Amino acid sequence: MGPTPIQNVGAYGQEVADTIRSLRVLDRRTLEVRELPAAECGLSYRNSIFRRDPGQAIVLSASFALRPGAQPVVAYRELAEALAGRDDRRCQRCVRRCSICGARIMVHDTNDPTGAAPGRFSPIHRRR
């Protein structure tokens with residue numbers, strides 16, 4: 001999990017708080033394991049109750065409310081502009097392969113032999 005729910009990681013107009021249903025945490029003070037609904041995690045821009053009080057709890061796991069086949073969120077102005085006029089602009093793969101995203105993030109593509117090894121950039125990174 002890493003810092004994903006702790007920092008409420010996000011990009012391009014969407015953040016992990018948009019999909020977290022609950023977090024299973026170990027209370028460091030009582031050593032009790034609890035399930036916290038997302039509403040109780042204080043998720044805000046790059047923040048959470050866990051970041052504000054790092055000694056409070058250890059995040060053990062997360063439950064996400066994901067929707068297979070859901071349309072991607074295209075709220076980020078620069079991304080929306082880059083996808084404007086494309087028939088497939090609402091496709092997850094199209095968003096991931098957009099030149100803006102490809103120029104800024106690492107894309108792991110198992111269909112591409114150069115992107116198959118962890119830590120390698122897919123060809124979209126090299127197409128600038």
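User: So buried means under 20% relative accessible area, exposed means over 50%, and partly exposed is in between. Which of these is V33?

Analyst: This is a predicted model, and the values are computed from it. V33 has a relative accessible area of 46%, and because that falls between the 20% and 50% cut-offs, V33 counts as partly exposed.

User: Where in the chain is V33?

Analyst: V33 is in strand β4, which covers residues 33-37.

User: What surface patch is V33 part of?

Analyst: V33 joins I58 and L60 in a nonpolar surface patch of about 230 Å².

User: OK, now the inside. Which residues make up the largest nonpolar core?

Analyst: There are eleven: V16, I20, L23, V25, L36, A38, C41, I49, F50, A57 and V59. Three elements each give two or more residues to this core: β3 (20-27), α2 (49-52) and β5 (57-64).

User: Which element gives the most?

Analyst: Strand β3, with three residues.

User: Why would nonpolar residues end up together like that?

Analyst: As a general tendency, nonpolar side chains in soluble globular proteins are buried together.

User: Pick one core residue. What does L36 touch?

Analyst: Leaving out residues up to four places away in sequence, L36 touches S22, L23, V25, C41, I49 and F50.

User: Zoom out a bit. How many helices and strands are there?

Analyst: The protein chain has six helices and five strands. Along the sequence they come in the pattern α-β-β-β-β-α-β-α-α-α-α.

User: And how much of the chain is buried?

Analyst: Of the 128 residues, 28% are buried. The chain exposes about 8200 Å², and carbon and sulfur atoms supply 51% of that area.

User: What share of contacts joins residues at least 24 apart?

Analyst: Counting contacts between residues at least 6 apart in sequence, 44% join residues at least 24 apart. A separate example of distance along the chain is the pair R77 and G13, which are 64 residues apart in sequence. Their C-alpha atoms are 8.3 Å apart in space.

User: Is R77 buried or exposed?

Analyst: R77 is exposed, because its relative accessible area is 58% and the cut-off for exposed is over 50%. R77 belongs to helix α3, residues 77-83.

User: Different topic. What is the phi of L31?

Analyst: Phi of L31 is near 65°, a positive value in a residue other than glycine. Most residues other than glycine have a negative phi.

User: Which loop holds L31?

Analyst: The loop between β3 and β4. L31 counts as exposed there, at 63% relative accessibility.

User: What about phi of R46?

Analyst: Phi of R46 is near 55°, again in a residue other than glycine and with a positive value. R46 sits in the loop between β4 and α2. With 24% relative accessibility, R46 counts as partly exposed.

User: Last thing, the confidence. What is the mean pLDDT?

Analyst: The mean for the protein chain is 76, and 66% of its residues reach 70 or more.

User: Which element has the lowest mean pLDDT, and which the highest?

Analyst: Helix α6 (residues 123-126) has the lowest, with a mean of 40, and β4 has the highest, with 97. Over residues 116-128 the pLDDT is below 50. That stretch still has 30 contacts in the model beyond near neighbours in sequence.

Note on methods
Residues numbered from 1 in each chain as written. Predicted model: local features only at pLDDT ≥ 70, side-chain atom pairs only at ≥ 80, totals over all residues. Heavy atoms only, no water. Core = buried A, V, L, I, M, F, W, Y, C linked by side-chain atoms within 4.5 Å. Buried < 20%, exposed > 50% of the residue type's maximum accessible area, 1.4 Å probe, protein only. Helix = DSSP H or I, 4+ residues; strand = E, 2+ residues; numbered from the N terminus. Contact = heavy atoms within 4.5 Å. Patch = residues over 30% accessible without salt bridge, like charges linked within 9 Å, V, L, I, M, F, W, Y side chains within 5 Å. Areas by Shrake-Rupley, 256 points an atom, 1.4 Å probe, with all protein chains shown as cover. Salt bridge = Lys/Arg side-chain N within 4 Å of Asp/Glu carboxyl O. pLDDT = per-residue confidence, 0-100.
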